[in-house]
Amino acid sequence: MGAKDLTQVERHIFLCNGTACNEKGAEGVVVLLRQMVKEIGMDTRIHTTRTRCNGRCDDGPIVIIQPDGVWYGAVTPSVAQEIVLDHLSDNLVVDSHILYRWGASIITSQVKPRP
Ligand code: FES
């Protein structure tokens, strides 16, 4: 058990670790993203939590950034790297992998609908 100083946290990242996301490599995303956040010295300002299913298994692995309200889908380790360097470091959302933004009227799934 830890006691992270939450008063310094600016963003909370939810890393889906449900079964479907894990089958698509979510654990590798978790490990890389956490490692990079630490390496660039943002671990006091960013809190990460593994979650269970977030209800969008077909679009996984899912990464959710709060309070930004951004859901990323089909996250690979290289996309996780972009999320850290562009979104978390420079506040530039990685448009190519946005699944959903809070308030939007559409979900941008990269998964083709089943026939
Ligand atoms: S297991 Fe990740 S959204 Fe369902």
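This passage describes the nonpolar core and the third helix of a predicted model. Residues are numbered from 1 along each chain as its sequence is written. In this predicted model, local features need pLDDT of at least 70 and side-chain atom pairs count only at pLDDT 80 or more, while totals for chains, interfaces and linings use all residues.

The largest nonpolar core (buried Ala, Val, Leu, Ile, Met, Phe, Trp, Tyr and Cys residues joined through C-beta atoms within 7 Å) contains 23 residues, of which Leu15, Val29, Leu33, Val63, Tyr72 and Ile83 touch the most other members. A residue is termed buried if 20 or more other C-beta atoms, placed from the backbone, lie within 10 Å of its own. At least two residues of this core come from each of strand 1 (11–16), helix 2 (26–39), strand 3 (63–66), strand 4 (70–72) and helix 3 (77–90); helices (H or I, at least four residues) and strands (E, at least two) are DSSP runs, numbered from the N terminus.

Valine 37 is found in helix 2 and is buried, because 23 other C-beta atoms lie within 10 Å. Beyond its neighbours within four places in sequence, valine 37 is in contact (C-beta atoms, placed from the backbone, within 7 Å) with residues including Met42, Ile46, Val84 and Leu88.

Both Val84 and Leu88 are among the buried residues of helix 3, as are Val79, Ala80, Ile83 and His87. These buried residues pack against strand 1, helix 2, strand 2 (46–51), strand 3 and strand 4. Helix 3 is followed by asparagine 91, whose phi is positive, near 60°.

Conventions
Buried ≥ 20, exposed ≤ 12 C-beta atoms within 10 Å, placed from the backbone. Contact = placed C-beta atoms within 7 Å.
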